[in-house]
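User: I'd like to learn how to read a predicted fold feature by feature. Can we take one from the top?

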Amino acid sequence: GKAAGDRSSIECAERKWKVEKPRFMCVASRAARPRVPTPETENLSRGNTVINPIVLELPLGTLAIEEQDGFIAAVTWYSRGAKQPTDAFFSPLLKSAARQIEEYSQGRRRMFDLPLKPRGTEFQESVWRVITKIPFGKTRSYGSLAQELGTAARAVGAAAGKNPLPIFIPCHRVVGKQGALGGFSGGDGVATKRQLLRLEGHAAF
């Protein structure tokens, strides 16, 4: 049989993103000021049930995964030591997302099999769709993506920086010219980008 996650479909708004190669995302951290999740500020409502973000302490950092309307909607780096609410409820989808990220961080998974719903402008979403096609263990330059999309490398970088689903949409695989890493908005910035690339076998970084 095929390995887990050999094929995956990403639903974005009313469109389906079909990805046939290994992929991973880079998280555009919304945590310029790291947030500590609380039931009051970081939960989603499904009927009478509160769905909290699931917080994971990993070698990659402290990550929070958020669900909205049956889709994975955001991945955010928090400050280390962020506490999970003791009364938190986690849906089967959040538990699956947490398990898959843990497997990835342990080197046991190359692709994700999750319904994703990143929200952005039409241009940002077009960039994210191209980024999802970069296979595990491979990289592309901002310039090559820009050429494919008919835009400027700087615009590609700006869209990658707004990616709400780091690690699931692998913007860490987009690098600068001649081996330069470029930027990264999640975790500890470039250091986290380097950590993700080395996890995928890029010893040169």
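User: In the hairpin of E6 and E7, which residue takes a positive phi, and how many residues sit between the strands?

Analyst: First, a word on the ground rules. This is a predicted model, in which local features need pLDDT of at least 70 and side-chain atom pairs count only at pLDDT 80 or more, while totals for chains, interfaces and linings use all residues. Residues are numbered from 1 along each chain as its sequence is written, and side-chain values use heavy atoms, with hydrogens and water left out. Strands (E, at least two residues) and helices (H or I, at least four) are DSSP runs numbered from the N terminus. Now your hairpin: two residues lie between E6 and E7, and Asp69 is the one with a positive phi, near 55 degrees.

User: What order do the strands of that sheet have, and which stand at the edges?

Analyst: Strands of a sheet pair through backbone hydrogen bonds, either parallel or antiparallel. The cut-off here is at least two DSSP bridges between two strands. This sheet is open, with three strands in the order E5-E6-E7 and antiparallel pairing. Strand E5 (54–58) and strand E7 (71–78) are the edges; each has a single partner strand, so one side of each lacks a neighbour in the sheet. On average, neighbouring strands are turned by 25 degrees against each other, direction ignored (axes are lines fitted to C-alpha atoms, and angles between N-to-C directions run from 0 to 180 degrees).

User: How many bridges join E6 to each partner?

Analyst: E5 and E6 (residues 61–68) share five, and E6 and E7 share seven. You can check the register by eye: Leu56 stands opposite Leu63 in E6, while Thr62 has Tyr78 in E7 as its bridge partner. The E5–E6 connection is also a hairpin, through two residues.

User: Is E6 mostly buried or exposed?

Analyst: Buried means under 20% relative accessible area, exposed over 50%, partly exposed in between (1.4 Å probe, protein chains only). Seven of the eight residues of E6 are buried, so the rest of the structure largely encloses this strand.

User: Which residues of H3 are buried, and where do they lie around the axis?

Analyst: In helix H3 (residues 142–149), look at Tyr142, Leu145 and Ala146, which are buried. Their arc, taken from the directions from the helix axis to the C-beta atoms, is only 100 degrees, which puts them on the same side of H3. Using heavy atoms within 4.5 Å as contact, what covers them includes helix H2 (122–132), strand E8 (140–141), H4, E9 and helix H5 (190–199). Just after H3 comes Gly150, with a positive phi near 70 degrees.

User: How many aromatic pairs are there?

Analyst: Rings of Phe, Tyr and Trp (its six-membered ring) pair if their centres lie within 6.5 Å; planes under 30 degrees apart are stacked, over 60 edge-to-face, the rest tilted. That gives four pairs. Trp77 and Phe184 have ring centres 5.9 Å apart and planes at 80 degrees, so they're edge-to-face. They link distant parts of the chain, 107 residues apart: Trp77 is in strand E7, Phe184 in the loop between E9 and H5. Both are buried. Tyr104 and Phe136 are edge-to-face too, because their centres are 6.4 Å apart and their planes at 85 degrees. Tyr104 is in helix H1 (residues 92–105) and Phe136 in the loop between H2 and E8, so this pair ties together parts 32 residues apart in sequence.

User: Which aromatic cluster does Tyr104 belong to?

Analyst: One formed by Tyr104, Phe112, Phe136 and Phe168.
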